[in-house]
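Biologist: Walk me through the packing in this one, please. I'd like a close look at the inside, and then at whatever sits around it.

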Amino acid sequence: MTVPYPCYPDMSPMHVPVECVTIDLQDITIHGGEWPGASYGLSDWDGWDNGVDAVGGPVAYPSDDGGIETVVAMKPRTITLEGDITARDWGELQRMIDRMGKVLTRPRWDWMTVTERALDGGIGLERMIRVCRLVRPKITPTTPTSAVFTLELQAADWRKVDTVQSTQSIRNGQTKSLANDGDEDADLFCTLAGPMTNPTLTWPGGSWQLMATIGAGETRTVTSRSVRDPATSAAYLHKVVGVWPSVPSESSVGVAFSCAGATSATEVKLSWRSTWS
């Protein structure tokens, strides 16, 4: 999502300074630079760009508390946040320390949203990445109303995605354009709404087909890794011909849909998020 925030016009737009960043993580907002009143301040960070590859996969918490991320993509990334906590009195400082200490305890994985304000006074970016906590936050009080912290996180994927999800609905015989503003190919998700037989998606240089019939009122959900009936969890990946598409980086692609047995209820719903490295 693009957001209008002025920042420093003399800085390179390729390297967003910490003063131009705001981070939202569960119920914590961390502001870059000076911020009035009680606040969490960001003084330094690493891993959002050019981070160190994480080693060992996700943190092995028991699966029933959300600690295991079932899909960890290539090159998971370590992200470190450093900053300060400023309060108006000792009691407020203790509450703010306690709130940060509870970040990413339940659920263990969640989205971290980063707003990078425009460096030229124009439009900035608002993107997010899914993270878990590696260790408890290191928080050290420095005065009765302030403390410093270090928060070490692991991302399930090195890619960052737009906070706004793009969608397209395609009827039988139609072609729609899908656009990706990012510099990485974007994952594409799909819902097939019946009735339809042998639904087929085609695009320049490729095609995908599900050799099956979907009844009226039934749906199938599709990703690059699965085809499922959400009502029964039955899998249909073995009935697929072709390779599931992604939305190419910094461009758009036309996707056409066709099938047999279509009615006015037949529809393909595609969703994706612009994706960056």
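Modeller: Bear in mind that this is a predicted model. Its largest nonpolar core has 29 residues, and Leu81 and Met112 are the ones that touch the most other members. At least two core residues apiece come from strands E2 (21-25), E3 (28-32), E4 (39-46), E6 (77-86), E7 (109-116), E8 (123-133) and E10 (146-155), and from helix H1 (90-101). The top contributor is E10, with 5 residues. Take Met112: leaving out residues up to four places away in sequence, its contacts include Ile23, Leu25, Ile79, Leu81, Ile129, Val131 and Leu153. Asp24 and Arg127 are also on the list of residues that Met112 touches.

Now for the loops around that part of the chain. Between H1 and E7 there's a loop holding Leu104, a non-glycine residue with a positive phi near 60°. Leu104 has a relative accessible area of 2%, so it counts as buried. Pro107 is in the loop between H1 and E7 too, and the peptide bond leading into it from Arg106 is cis, with omega near -5°. Gln26, in the loop between E2 and E3, is another non-glycine with a positive phi, about 55°. Gln26 is partly exposed, because its relative accessibility is 30%.

Apart from the largest core lies another one, of 25 residues, including Met196, Ala212, Tyr236 and Val268. Val268 takes us to an open sheet of 5 strands, paired antiparallel in the order E12-E22-E14-E18-E19. E12 (166-170) and E19 (227-228) are the edge strands; each has a single partner, so one side of each has no neighbour in the sheet. E12 pairs antiparallel with E22 over 5 bridges, and Ile170 stands opposite Val268 of E22.

Glu267 is worth zooming in on. Glu267 belongs to E22, which spans residues 267-272, and it counts as buried because its relative accessibility is 14%, under the 20% cut-off. The Glu267 side chain makes a polar contact of 3.4 Å with that of Ser169. Beyond its neighbours within four places in sequence, Glu267 is in contact with Ser169, Ile170, Arg171, Thr191, Leu192, Ala193 and Met196. That last partner, Met196, is a member of the 25-residue core. Look also at the loop between E14 (188-193) and E15 (196-203), where Pro195 lies: the bond from Gly194 to Pro195 is cis, with omega about 10°.

How values were computed
Residues numbered from 1 in each chain as written. Predicted model: local features only at pLDDT ≥ 70, side-chain atom pairs only at ≥ 80, totals over all residues. Heavy atoms only, no water. Helix = DSSP H or I, 4+ residues; strand = E, 2+ residues; numbered from the N terminus. Buried < 20%, exposed > 50% of the residue type's maximum accessible area, 1.4 Å probe, protein only. Polar contact = N/O pair within 3.5 Å; in protein donor to acceptor, adjacent residues only side chain to side chain. Contact = heavy atoms within 4.5 Å. Core = buried A, V, L, I, M, F, W, Y, C linked by side-chain atoms within 4.5 Å. Pairing = 2+ DSSP bridges.
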